[in-house]
Amino acid sequence: MVTAANSLELRLDRLGEQAAALGLDAALITSDESIAYLTGFRPIQLERFFGVVVSPERSAVIVPALDRGQVEEAPRRLTPISYGAESDGLPELADALAGARTVGVEEDHLIYSRARALAQQGFELVPAGALVMGLRIAKDDVEIERIRSACELVQEGLRRAFELLTPGVVEHALNARVEGWLREQGATAAHPLILFGENAANPHADPGPRELRAGDVVCADLSACLDGYWGDLTRCATVGAPSDWASAAWRVVLEAQRAAIDAAQPGAPGREVDAAQRRIVEAASELGACLHGAGHAVGLSIHEPPFLVPRWDEPLAEGAVLTIEPGIYKAGIGGVRLEDDVVVRAGGPEILSTLPLELVELGR
């Protein structure tokens with residue numbers, strides 16, 4: 001049985017093995033999510049250096065002194081190294097890397113000044129972000145259960161949001177109330193995006209002072225991080241009976257989501273999942289535009305690879321958890337999107353949420 005503790009050990013094993021297979025003397029991990037993946041500790045980066053070094057000679061976790069107590073539960077093979085305010089952490093990092101020459105780094109995260117300082121000390125830095133991300137893509141049982149728990153919290157948040165949706169409620173005030181509730185339940189981060197009427201035609205609009213009115217379509221996208229992992233769901237509602245446009249758009253998006261979920265099979269390229277929904281949404285162009293891909297992976301980050309977009313050719317790994325979220329948007333009218341979190345399984349996709357797929361009619 002995989003537990004939270006031994007899953008960290010297994011991840012370090014796999015990272016070390018794959019780094020060695022690539023001819024690396026060491027791997028240097030610096031992003032928040034990857035550090036959490038290997039240690040169970042999620043840093044607050046700010047200006048301070050945090051890192052994990054994995055090598056055959058010595059593996060370590062380097063943190064500022066004020067965070068030393070938070071890495072006590074990290075795997076024992078990771079020597080905890082801390083530094084005080086008189087240091088920027090780089091001398092301690094160089095000591096941890098002593099004996100290594102070729103060091104794999106997360107090239108999309110390690111900042112230029114730190115990379116230059118390491119290069120000046122003789123370390124050869126090579127891009128290896130795909131190394132740790134390749135491990136993170138396929139979730140283990142512990143991770144999947146944490147995402148499931150996050151989904152349970154989010155779907156309860158959606159139910160509560162719909163209870164609060166009455167004519168006259170202000171968009172930004174409602175979003176603030178829902179975020180507060182999610183955090184009261186233990187979410188360490190929450191991103192409600194509940195948009196009214198024409199505002200929902202822009203999927204990433206900022207909630208504003210608009211009041212909810214009769215006849216509006218509401219697109220409610222909620223995400224929350226619980227115990228380190230994100231859940232991300234979207235449902236829609238109408239204030240009163242749905243218009244002809246809302247009913248037609250919802251039926252198209254529902255069909256597109258079903259097709260994309262069916263396409264989310266191990267080995268399928270991400271672009272095929274996107275194509276499954278895109279051909280349905282784009283065929284209904286009179287109802288609105290297809291503004292984004294079918295979705296993305298979710299885990300320690302709310303958006304992480306693989307991305308379900310036309311350019312993504314890499315095959316889906318069993319155990320990847322994807323948001324499947326087709327939408328259709330018409331300027332001046334609104335937007336409809338449906339989103340669930342789905343595990344890629346050999347026996348067929350597994351949906352982690354249990355919230356019904358329905359166009360909620362508010363006020364009934």
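Modeller: A residue is buried if its relative accessible area is under 20%, exposed if over 50%, and partly exposed in between (1.4 Å probe, protein chains only). Helices (H or I, at least four residues) and strands (E, at least two) are DSSP runs, numbered from the N terminus. This is a predicted model, where local features need pLDDT of at least 70 and side-chain atom pairs count only at pLDDT 80 or more, while totals for chains, interfaces and linings use all residues. Residues are numbered from 1 along each chain as its sequence is written, and side-chain values use heavy atoms, with hydrogens and water left out.

Biologist: What makes strand β12 mostly covered?

Modeller: Strand β12 covers residues 304-308, and 4 of its 5 residues are buried.

Biologist: How do you know that β11 and β12 pair?

Modeller: Two strands pair if DSSP finds at least two bridges between them. Strand β11 (residues 295-297) and β12 share 3 bridges, so they meet that rule. The two strands run antiparallel. His 296 stands opposite Phe 307, and Gly 295 stands opposite Leu 308. The two strands form a hairpin with 6 residues between them.

Biologist: Which strands share an open sheet with β12?

Modeller: The sheet has 5 strands in the order β12-β11-β13-β16-β17, with antiparallel pairing. Its edge strands are β12 and β17 (350-351), since each pairs on one side only.

Biologist: What holds strands of a sheet together?

Modeller: Strands of a sheet pair through backbone hydrogen bonds, either parallel or antiparallel.

Biologist: Why is strand β10 called largely enclosed?

Modeller: Strand β10 spans residues 229-239, and 11 of its 11 residues are buried, so the rest of the structure largely encloses it. Both faces are covered. Tyr 229, Gly 231 and Leu 233 are among the buried residues on one side. Trp 230, Asp 232 and Thr 234 are among those on the other.

Biologist: Which strands pair with β10, and in which sense?

Modeller: Strand β9 (residues 217-226) runs antiparallel to β10, and 10 bridges join them. Ala 224 of β9 stands opposite Gly 231. These two strands form a hairpin with 2 residues between them, and Asp 227 in the turn has a positive phi of about 55°. Strand β18 (residues 360-362) runs parallel to β10, joined by 3 bridges. There, Thr 238 has Glu 361 as its bridge partner.

Biologist: Why is Gln 45 called buried?

Modeller: Its relative accessible area is 13%, and the cut-off is under 20%, so Gln 45 is buried.

Biologist: Where does Gln 45 lie, and which residues does it touch?

Modeller: Gln 45 sits in the loop between α2 and β2 (51-54). Contact means heavy atoms within 4.5 Å. Leaving aside neighbours within four places in sequence, Gln 45 is in contact with Thr 30, Ser 31, Asp 32, Ile 35, Phe 50 and His 109. Val 63 is 18 residues from Gln 45 along the chain, and their C-alpha atoms are separated by 9.8 Å.

Biologist: What makes helix α2 mostly covered?

Modeller: Helix α2 (residues 32-39) has 7 buried residues out of 8. Among them are Ile 35, Ala 36, Tyr 37 and Leu 38. Gly 40 follows α2, with a positive phi near 85°.

Biologist: What pairs with β2, and how are its faces covered?

Modeller: Strand β1 (residues 26-29) pairs with β2 in the antiparallel sense over 3 bridges. Here Ile 29 stands opposite Val 52. Strand β3 (residues 59-64) also pairs with β2 in the antiparallel sense, over 3 bridges. In that pairing, Gly 51 stands opposite Ile 62. β2 and β3 form a hairpin with 4 residues between them. On one side of β2, Gly 51 and Val 53 are buried, and on the other, Val 52 and Val 54.

Biologist: How do you know that the radius of gyration agrees with a compact globule?

Modeller: The radius is taken over C-alpha atoms, and the globule rule is 2.2 Å times the number of residues to the power 0.38. For 364 residues the rule gives a value near 21 Å; the protein has 23 Å, which agrees. The C-alpha trace spans about 70 × 40 × 40 Å along its principal axes.

Biologist: How many helices and strands are there, and what share of residues is buried?

Modeller: The protein has 9 helices and 18 strands. Buried residues make up 57% of its 364 residues. Of the contacts with a separation of 6 or more, 64% join residues 24 or more positions apart.
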